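Please read the following report alongside the sequence and the model. It moves from a single residue to its helix, and then to a pocket.

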Amino acid sequence: MVEWTDFERATIQDIFSKIDYDVVGPAALSRCLIVYPWTQRYFSKFGNLYNAASIMGNAMVAKHGTIILHGLDRGVKNMDNMKEIYAELSVLHSDKLHVDPDNFKLISDCLTIVIAAQFGKAFTGEVQAAFQKFMAVVVSSMGRQYH
């Protein structure tokens, strides 16, 4: 079990209370698909992903980006039980979708960049450390089925 400080809990809850899931989620997933084009193979049913403009304008990418943020929200609300919260999603991504678990870290990094850009100077080193700790726990939980 992960130990969370009061500051970390408050910071994670604060971040997620201030972001617009319908903006941040699509931006993070679009960034991931553009910067790491090999991740596109998991989204073959999403249609045209041939260039950055088509990815950023793709409604299915936007919808899935929002879904990812809502999935993270489940972790925010259950920070002491994240392995169990993400167990079903881990099985889905491992056994059915066959997603390379390294991609969870890639989307985590892209999400960090998007949130840092949105928060600007308020995204201090301490805030980033708390956010990245949270995301590391999510990534670990999502990769649990692979071990």
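S108 has its place in helix 7 of this model, which is predicted rather than determined by experiment. Because its relative accessibility is 4%, and buried residues are those under 20%, S108 counts as buried. Leaving aside residues up to four places away in sequence, S108 touches M135 and V139.

Helix 7 itself covers residues 102–119, which makes 18 residues, and from its first C-alpha to its last it reaches 26 Å, close to the 26 Å expected at 1.5 Å a residue. The buried residues of helix 7 include S108 together with N103, F104, L106 and I107, and further along C110, L111, T112, V114, I115 and F119. Just after helix 7 comes G120, which takes a positive phi of about 60°.

A separate topic is the second largest pocket, which holds about 160 Å³ of space. Its lining is made up of M1, V2, W4, M79, D80, N81, M82, K83, E84, V137 and S141. Two elements, helix 5 (82–85) and helix 8 (125–142), give two or more residues each to this lining, and the largest share, 3 residues, comes from helix 5. The table sets out how the lining residues of the second largest pocket divide by class.

| Class of lining residue, second largest pocket | Number |
|---|---|
| Nonpolar lining residues | 6 residues |
| Polar lining residues | 2 residues |
| Charged lining residues | 3 residues |

Key
Residues numbered from 1 in each chain as written. Predicted model: local features only at pLDDT ≥ 70, side-chain atom pairs only at ≥ 80, totals over all residues. Heavy atoms only, no water. Helix = DSSP H or I, 4+ residues; strand = E, 2+ residues; numbered from the N terminus. Expected span 1.5 Å × (residues − 1). Buried < 20%, exposed > 50% of the residue type's maximum accessible area, 1.4 Å probe, protein only. 1 Å grid on protein atoms, 1.4 Å probe; cavity = no way out; pocket = protein on both sides within 12 Å on 5 of 7 lines; lining within 4 Å. Points joined across faces, edges and corners; volume = space filled by probe spheres on them. Nonpolar A, V, L, I, M, F, W, Y, C, P; charged D, E, K, R; others polar. Contact = heavy atoms within 4.5 Å.
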